[in-house]
Amino acid sequence: MIPAAFEYYAPRSLNEAVSYLASHRDDVKILSGGQSLMPLLKMRLSKPAYVVDIGRIPGLDGITEAGNHLIIGALATYAQIESSELLKKKCPLLPQTATTIADVQVRNRGTIGGSIAHADPAGDMPAAIMALDAEIQCTGPNGERWVKCDDFFLGLLMSVLEPDEIVTAIKVPVTGADKTAYLKAAPRSSGFAVVGVAARLALDAGGTCSRAAIAITGVADKAYRAARVEQLLTGKKLDAQNITAAAAEAARNVEVVEDINGSAEYRKHLTEVYVARTVEAALRG
Ligand SMILES: Cc1cc2nc3c(=O)[nH]c(=O)nc-3n(C[C@H](O)[C@H](O)[C@H](O)COP(=O)(O)OP(=O)(O)OC[C@H]3O[C@@H](n4cnc5c(N)ncnc54)[C@H](O)[C@@H]3O)c2cc1C
C-alpha cells in the first residue's frame, strides 16, 4: 500500500530536527532506518502529517569508547554493530544480538536508536541493552537527558520518550571478562523473538557467579529483567542443577503474552528453556 500523504523534512542538524519536532509534536514521526516505520505507514496504521528523517544528520552513527563505557550513536545500524571490532572486543553482547536480527537488508538499514525508540516487546536490542544496564540519551528542546534502560520502556510500543525528543545515543559498559550471550527462539518467517534472552555473567576466581543480569524479550508487553533468576544464580557455581533451578523462575509473576506464535503456557516453557541455554552459552564463551 501507499502511505497517506505527509510533509517530509530531512534536516542536516540535530537542532533543526528538534525544533521541527517541537513545532509539530502532536502529529510527527521520526524516520531512521524505516524498518518498522515504513511498514506502519504503508499499512496506514500510522498516518502522521509530518515525518522528520534524521538519517542525514552527521555524527549520530559513531561507535566510540569513553573510559569504561562505549557510546553508540542512535543511527548506528545493526550491520555496523555486528561488524564493529571495538564492540566485538569490548561489549560482544551487542554484536551477538545484532547477528540474530532479521536479514541482511533489515540489518543494513535498521538502527539501534530506532529499535529502542520503537519499544517493540519482541525487539532484540531492548533485552540486550537491559542486560548491560545501558543508558539512553534522549535529546529534546530542553537539551539532553540520560535515562536508565530499566526506566525507559513502559509497555507495548511505549517509552518515556517525549514526542519532541530523539534518541541520540546509547551508553553501554565495557564488559571485560564478563561472559555474555544472546539466544532467541523465532519463527523463520519474521525472525521476531517468541522468546529472546540476553545474559551477562561475572564469575569470581573460583568460578562462582558473582553477578548475573538476565533480560528477556518477546514474553511480556516489554522486555524485563528476570530478578529472581539473577538472585538464584548469584553466589552459586553455575552447574546444570543450579541453572535449571534458576531458569524455572524466568517467567514467574510475569503476564505472559499469547499470539499466533505461541500460547502463554508454551512461551513460559520456552522462556525457562532459553534462559538455561543462554546461561550455558555465555559460560561456553
Ligand atoms: C522483515 C523484518 C524483520 C524484522 N525482524 C526483526 C527481528 O528479528 N528483531 C528485531 O528486534 N527487530 C526486527 N525488525 C524490526 C526492526 O529491527 C526495528 O524495529 C527497526 O530496525 C527499528 O529501527 P529503524 O531505524 O528502522 O527505525 P524506524 O523504522 O525508522 O522507526 C521506528 C520507530 O521508532 C521511531 N524512531 C526511530 N528512530 C528514532 C530515534 N532515534 N529517536 C526517537 N524515535 C525514533 C520512529 O518514529 C518509529 O516510531 C524487523 C523488521 C522487518 C521489516
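User: I'd like to start with the ligand: how many residues of each class does the shell around it have?

Analyst: By class, the shell has 13 nonpolar, 13 polar and three charged residues. Here Ala, Val, Leu, Ile, Met, Phe, Trp, Tyr, Cys and Pro count as nonpolar, Asp, Glu, Lys and Arg as charged, and the others, Gly among them, as polar. Before we go on, please keep in mind that this is a predicted model, where local features need pLDDT of at least 70, side-chain atom pairs count only at pLDDT 80 or more, and totals for chains, interfaces and linings use all residues. Residues are numbered from 1 along each chain as its sequence is written, and side-chain values use heavy atoms, with hydrogens and water left out.

User: Which residues come nearest to the ligand?

Analyst: A residue is near a molecule or strand if one of its heavy atoms lies within 4 Å of it. There are 29 residues around the ligand, and Ile30, Ser32, Ser36, Thr111 and Asp124 come nearest.

User: How do I read the polar contacts there, and which atoms does the ligand's oxygen approach?

Analyst: A polar contact is a pair of N or O atoms within 3.5 Å; within protein, one must be able to donate a hydrogen and the other to accept it, and residues adjacent in sequence count only if both atoms are side-chain atoms. In this structure, a ligand oxygen is 2.5 Å from a polar backbone atom of Ile30. A ligand oxygen is also 2.7 Å from a polar backbone atom of Gly33. With Ser36 the side chain takes part: one of its N or O atoms is 2.4 Å from an oxygen of the ligand. Taken alone the ligand exposes 960 Å², and the protein buries 89% of that; such areas come from the Shrake-Rupley method with a 1.4 Å probe, and for residues only the protein chains shown count as cover.

User: Which elements give two or more residues to that shell?

Analyst: They are strand 2 (28-31), helix 7 (112-118) and strand 10 (166-173). Helices (H or I, at least four residues) and strands (E, at least two) are DSSP runs, numbered from the N terminus. Helix 7 gives the largest share, four residues.

User: Let's turn to sheets. In what order do the four strands of the open sheet stand?

Analyst: Two strands pair if DSSP finds at least two bridges between them. The order in this open sheet is 11-12-13-14, with antiparallel pairing. Strand 11 (179-185) and strand 14 stand at the edges with a single partner strand each, so one side of each is left without a neighbour in the sheet.

User: What does strand 13 pair with?

Analyst: Strand 12 (residues 195-203) and strand 13 pair in the antiparallel sense over eight bridges. Ala202 stands opposite Arg211 in strand 13, and Val197 has Ile216 of strand 13 as its bridge partner. Five residues lie between the two strands of this hairpin, where Gly207 takes a positive phi near 90°. Strand 13 also pairs with strand 14 (residues 224-225), again antiparallel, over two bridges. There, Ala215 stands opposite Arg225. That hairpin has six residues between the strands, and Gly218 in the turn has a positive phi of about 90°.

User: Why is strand 13 described as largely enclosed?

Analyst: Buried means under 20% relative accessible area, exposed over 50%, and partly exposed in between (1.4 Å probe, protein chains only). Seven of the nine residues of strand 13 (residues 209-217) are buried, so the rest of the structure largely encloses this strand.

User: And helix 8: how many of its residues are buried?

Analyst: Eight of the eight residues of helix 8 (residues 124-131) are buried. Among them are Asp124, Pro126 and Met130. Just after this helix, Asp133 takes a positive phi of about 50°.

User: Is Asn142 buried or exposed?

Analyst: Asn142 is exposed, with a relative accessible area of 81%. Asn142 sits in the loop between strand 6 (135-140) and strand 7 (143-148).

User: Finally, how are aromatic pairs described, and how many are there?

Analyst: A pair of aromatic rings is described by the distance of the centres and the angle of the planes. Rings of Phe, Tyr and Trp (its six-membered ring) pair if their centres lie within 6.5 Å; planes under 30 degrees apart count as stacked, over 60 as edge-to-face and the rest as tilted. By this rule the count comes to three aromatic pairs. One of them is Tyr20 with Tyr50, which is edge-to-face at 6.2 Å centre to centre and 80° between the planes. Tyr20 lies in helix 1 (residues 14-23) and Tyr50 in strand 3 (residues 50-53), so the pair ties together parts that are 30 residues apart in sequence. Tyr20 is buried at 10% relative accessible area, whereas Tyr50 is partly exposed at 24%. Phe152 and Phe153 also form an edge-to-face pair, 5.1 Å centre to centre with 85° between the planes.
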